[in-house]
Amino acid sequence: MKNKFPNNFLWGASTSAYQVEGGWNQDGKGPSIQDVRTNIPEGTTDFKIASDHYNKWKEDVALMAKMGLKSYRFSISWSRIMPLGYGEINKEGLKFYKNLIKELKKYNIEPIITMYHFDLPYGLEKLGGWLNPDIVQYFEKYAETLYTHFGEYVKYWLTINEQNVMILFGEIVGIDLSKSENKTKDLYKINHHMMLAQAKAIIKCHKMVKNGLIGPAPNINPVYANSNDPIDQIAAFNMRHFRNWFYLDTCIFGEYNKNVINYLIKNNAMFQITDEEQKILKEGKPDFIAFNYYASSTAKFTLEEDFESIADQQKIKSLKGLYHQVKNDNLPKTQFGWEIDPLGFRIVLRELWDRYNLPLMITENGIGGSDTLENGVVNDQYRIDYYQLHLAELKKAILLDGVNVIGYNPWSAIDLVSTHEGVKKRYGFIFVDRDEFDLKSLKRYPKKSFFWYKKLITENGENL
Ligand code: BGP
């Protein structure tokens, strides 16, 4: 295909605060649940120094500009702005992000802000975290603070990163319900509070940020049936609703998805919704849908007990009588076992467009691998191959299928600490010279994929 991507397409890249910044206790920042986390897998680093972006942000932005980025999606650390998550505001925290935003603007890089990416202030965790209904007003206040200080410069806002992953696989990103008496009920209560917090942040954004656009940022997979046995089609249908649509339906239609609600009622796990809350959900409608895409899922029917395996976002999960997630033997895997499915990317883009009819923005997509620096060079050809295949499908979705996509922000702009595999699982276009426990020089080196992406951006994807 020879055509270009739309004009003003946001070719960008992504990071999140706790995975890239470090500076975990610098300049008045309060601890987040990630800073006090004790279940760091053996042999992998914590998030305290990460890529030291907090101290090297200027150099990092200059490299992003050199790569030709049109946008940069990053998250704000709530406890850097409000050390406890509520109350006192940390001026140094505001200054850090204001400087970062201004520097991006200097290079004409559009800032895209995620308000919450897995790093709840520890001060709020101590009050019960997302299970405490008060969190809704604390999040609203935090959102308001961000709009007051950054609204003038920032057009694109994302509420909560991968809310569905936190509900499905919460323990890997800091949600601890080990003491709960009704885990399912509490999980969906947490989800309800996140939904309300999100809706309130959306409503406030529309009131406070002139020309601001805001959306959710879940992790969306297409779900295949494992066979043409009709019962497996039911399983795939169930999984689609439990994994994807439940989260987006509530945000976009303002109503909870009936399939999931039916399950909660039948399993004595239904949470309460007041009329006032229902109104808030209806009112807080997003302007676009951001989503992260790494892989597809495959489901078969099961009557076995609930089951989970492999501790990461793509792990296998089953719900009795609904679906059993299985591996897909048609698909190759990354070095870390995640399935690679470029066509699934096109499928999911079409599904989202068809179901919701809102502009789409990709806020993550990428491949983790253990890159090495040799004589100042990092040859990550496998990453280029991965992007090439996915972008060819994205291009078809836009140019052939008519899907409205406004930007592509792969994971990640620069090497950072993986959610659960430390530094050895790298995603960046830019290499950071450090190991798990040896901080080395922390110097930055553009990888081979950096130069490839730069060319692709210059050509606006014409040669894909
Ligand atoms: C997404 C998260 C990111 C990121 C990415 C890669 O689910 O939003 O924070 O880490 O997955 O995952 P991992 O770091 O576990 O390889």
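How many bridges join strand 7 to strand 12, and which way do these strands run? Let's start there and work outwards; keep in mind that this is a predicted model.

**Exercise 1. Work out how strand 7 sits in its sheet.**

Solution.
- Step 1: Look at the pair itself. Strand 7 is joined to strand 12 (residues 360-364) by four bridges, and the two run parallel.
- Step 2: Pick out a pair of facing residues. Phe 291 stands opposite Ile 362 of strand 12.
- Step 3: Zoom out to the whole sheet. It's an open sheet of eight strands in the order 5-4-3-2-1-13-12-7, paired in parallel.
- Step 4: Find the ends. Strand 5 (213-217) and strand 7 (289-292) are the edge strands, each pairing on one side only.
- Step 5: Check the twist. On average, neighbouring strands of this sheet are turned by 25 degrees against each other, ignoring direction.

As a reminder of what holds such an arrangement together, strands of a sheet pair through backbone hydrogen bonds, either parallel or antiparallel.

**Exercise 2. Describe how helix 12 packs against helix 13.**

Solution.
- Step 1: Get the geometry. The axes of helix 12 (residues 342-356) and helix 13 (residues 381-399) come within 8 Å and cross at roughly 30 degrees.
- Step 2: Turn the angle into a word. Angles under 35 degrees count as roughly parallel, so helix 12 and helix 13 are roughly parallel to each other.
- Step 3: Add the hand, which is right-handed for the crossing of helix 12 and helix 13.
- Step 4: List who touches whom. From helix 12 come Pro 342, Leu 343, Phe 345, Arg 346, Leu 349 and Arg 350; they meet Leu 389, His 390, Glu 393, Leu 394, Lys 396 and Ala 397 of helix 13.
- Step 5: Sort that contact by class, and you get seven nonpolar, one polar and four charged residues.

**Exercise 3. Do the same for helix 8 and helix 11.**

Solution.
- Step 1: The axes of helix 8 (residues 183-208) and helix 11 (residues 275-283) come within 8 Å and cross at roughly 55 degrees.
- Step 2: Helix 8 and helix 11 are therefore oblique to each other.
- Step 3: This crossing of helix 8 and helix 11 is left-handed.
- Step 4: In helix 8, Met 195, Leu 196, Ala 199, Lys 200 and Ile 203 meet Glu 277, Ile 280, Leu 281 and Glu 283 in helix 11.
- Step 5: By class, that contact has six nonpolar, no polar and three charged residues.

**Exercise 4. Place two backbone oddities in their loops.**

Solution.
- Step 1: Try Trp 411. Its peptide bond to Ser 412 is cis, with omega near 10 degrees.
- Step 2: Locate Ser 412, which lies in the loop between strand 13 (405-408) and strand 14 (430-432).
- Step 3: Now take Asp 27. It isn't a glycine, yet its phi is positive, at about 50 degrees.
- Step 4: Asp 27 belongs to the loop between helix 1 (17-20) and helix 2 (53-67).

**Exercise 5. Read off the confidence scores.**

Solution.
- Step 1: The protein has a mean pLDDT of 94, with 96% of its residues at 70 or more.
- Step 2: For the model, ipTM is 0.99 and pTM is 0.96.

Note on methods. Residues numbered from 1 in each chain as written. Predicted model: local features only at pLDDT ≥ 70, side-chain atom pairs only at ≥ 80, totals over all residues. Axes fitted to C-alpha atoms, helices over the stretch in contact; angles between N-to-C directions. Parallel < 35°, antiparallel > 145°, perpendicular 65-115°, else oblique. Left-handed = near helix turned anticlockwise from the far one by under 90°. Contact = placed C-beta atoms within 7 Å. Nonpolar A, V, L, I, M, F, W, Y, C, P; charged D, E, K, R; others polar. pLDDT = per-residue confidence, 0-100. Pairing = 2+ DSSP bridges.
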